[in-house]
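Me: Please take a close look at the salt bridges in this model. I should like one connected account of selected pairs, with the criteria stated.

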Amino acid sequence: MSRKLKEILSEVKRRVTPTENYKRRILKLAEKFRVKVEEELKRRGLQAEVKIEGSIAKDTWLKDDADIDLFMLVPEETPKEALGGIYLEAARASLKGYRIVERFAEHPYVEAWVTKKIRVDVVPCYKVKPPKWRSATDRTPYHTEYVRAKLDEKLKNEVRLLKRFMKGVGVYGSDIKVGGFSGYLAELLVIHYGSFLRVLEEAPGWGEGRIIDPENFYKGIEEDARRLFGEVPLIVVDPVDKSRNVASPVRLETLSLFKASAKAFLKKPDIKFFYPPKVKPLSLQALRRNLQDRGSEFLFVKIRRVEAVPDILWGQIYKTKKVLRRLLENYDFKILRDAAWSDENENSILIFEVESSKLNEAKRHVGPPVASLEEENFLRKYVNGENVISGPCVEDGRWIVILRRKYHDARVLLEDKLANGGRSLGVASRISESIVRWGVQVLRGNEILGFYRKNRDFASFLTCFIRGKPLWLDLD
């Protein structure tokens, strides 16, 4: 290990490892809220064991990221609707006085920021024995037990390094928005490989469908695992449930980014991989100049007030982005890149960078070969077709026709197709409802400047999108 690499890892460890005094403070705070939840359940006559779980319980949390996970382990015979009903109401009541956000796994849970840096999640689950899971969160207490049994103090710090690296390069988080690595997955990787650096050394060689099996459930029968989990970018078998892939939320692009950043860091270590510089948004003048001079065009689909909790919202956003991308491509608009941003409250914006938002009205359409089975239908459709400019005629043994495009302006296309909510296109239901209620704006290029000026988070996001490359590619 080079001297520079040692210094970087030592500095990151110093930054991410909480002191013993701070650990005691956080555990005391966690216990305070555990008791609050327990007392609220008793007050309502509800049965449940309340436990501290997650990275706090496993001592793998980062000093600047103390999330307190409280799990309400309810009796196995409890109806499922109660978890998102009376138990969720008790969770909300126990966090009264704080701003509460409802989140969603298989069923809802609540989240509240109790200080500027500390978040409390209260999650209902069933108290069951493996493998009799009734909900996705039932495994969590067993995850905690497994990790605590496997990690010593040295490995806990290795986990902290991996988590901070994943955060720094933008691949940390198993929610739909990120589609990346959960904290539990990071812990399993360190347990399996033995160190942070070994994970980074191995990651670039993970081919699609790579199987990582810490408990060797599928040793010698790897094809059984592939049949069970299907074609996915990465398989990490859950040590407490051999039928579960812990890496199932990881999208191919997120995995690829992790592999690329791991390779780049090992080649040229830099602390920016862990702590990237804050993005300074482009000035309005620089943004205007960039949008005008880059040789492509931007379309912004601005949607208001989608009624959905964040995890469901992002699923709706990504589904709608995919639908609108396909729509644009079907009408011959060439998409260079796309992205999505949301404040998860008032505004969501889909971004499409296209070669051009306007096309020529005329297009050449190549039909079937002369004397082929498709010839008659083609001629019947186009001999007196409404949008035919010229033809049909024969060129190089095939029928061709020159047509007038129905849509040659991408903004007009999007506005028309979204006018009634876009459900017939496949636009996600909550977004369609929002469009029907609030309308939709399709902005072209510099028309986004007003919103950009007012919203710094969006400004940072758009600056990164325009820049178009990871921050670590700027390393000298």
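Reply: A residue is called buried when its relative accessible area is under 20%, exposed when it is over 50%, and partly exposed in between (1.4 Å probe, protein chains only). The model is predicted, so local features need pLDDT of at least 70 and side-chain atom pairs count only at pLDDT 80 or more, whereas totals for chains, interfaces and linings use all residues. Residues are numbered from 1 along each chain as its sequence is written, and side-chain values use heavy atoms, without hydrogens or water.

Across the whole structure, the search finds 43 salt bridges (a side-chain nitrogen of Lys or Arg within 4 Å of a carboxyl oxygen of Asp or Glu).

The pair Glu187 and Lys58 forms one of these salt bridges, with an N to O distance of 2.8 Å. Glu187 belongs to helix H8 (residues 183–193) and Lys58 to helix H3 (residues 54–58), so that the salt bridge links distant parts of the chain, 129 residues apart (helices, H or I, of at least four residues, and strands, E, of at least two, are DSSP runs numbered from the N terminus). Both partners are withdrawn from the probe: the relative accessible area of Glu187 is 1%, which means that Glu187 is buried, and that of Lys58 is 7%, so Lys58 is buried as well.

A second pair, Arg160 and Asp59, also meets in a salt bridge, at 2.8 Å from N to O. Arg160 sits in helix H7 (residues 153–169), while Asp59 sits in the loop between H3 and strand S2 (66–74); the pair therefore ties together parts that lie 101 residues apart in sequence. Arg160 and Asp59 are both buried. They do not stand alone, for salt bridges with shared partners join Asp59 and Arg160 with Glu20, Lys23, Glu153 and Lys156 into one network.

The third pair lies within a single helix. Arg15 forms a salt bridge with Glu11, and their closest N and O atoms are 3.0 Å apart. Both residues are in helix H1 (residues 3–16), with a spacing of four residues, or about one turn of the helix. Here the partners are partly exposed: Arg15 has a relative accessible area of 33%, and Glu11 has a relative accessibility of 24%.

In summary, Glu187 and Lys58 join helices H8 and H3, Arg160 and Asp59 join helix H7 to the loop after H3, and Arg15 and Glu11 pair within helix H1.
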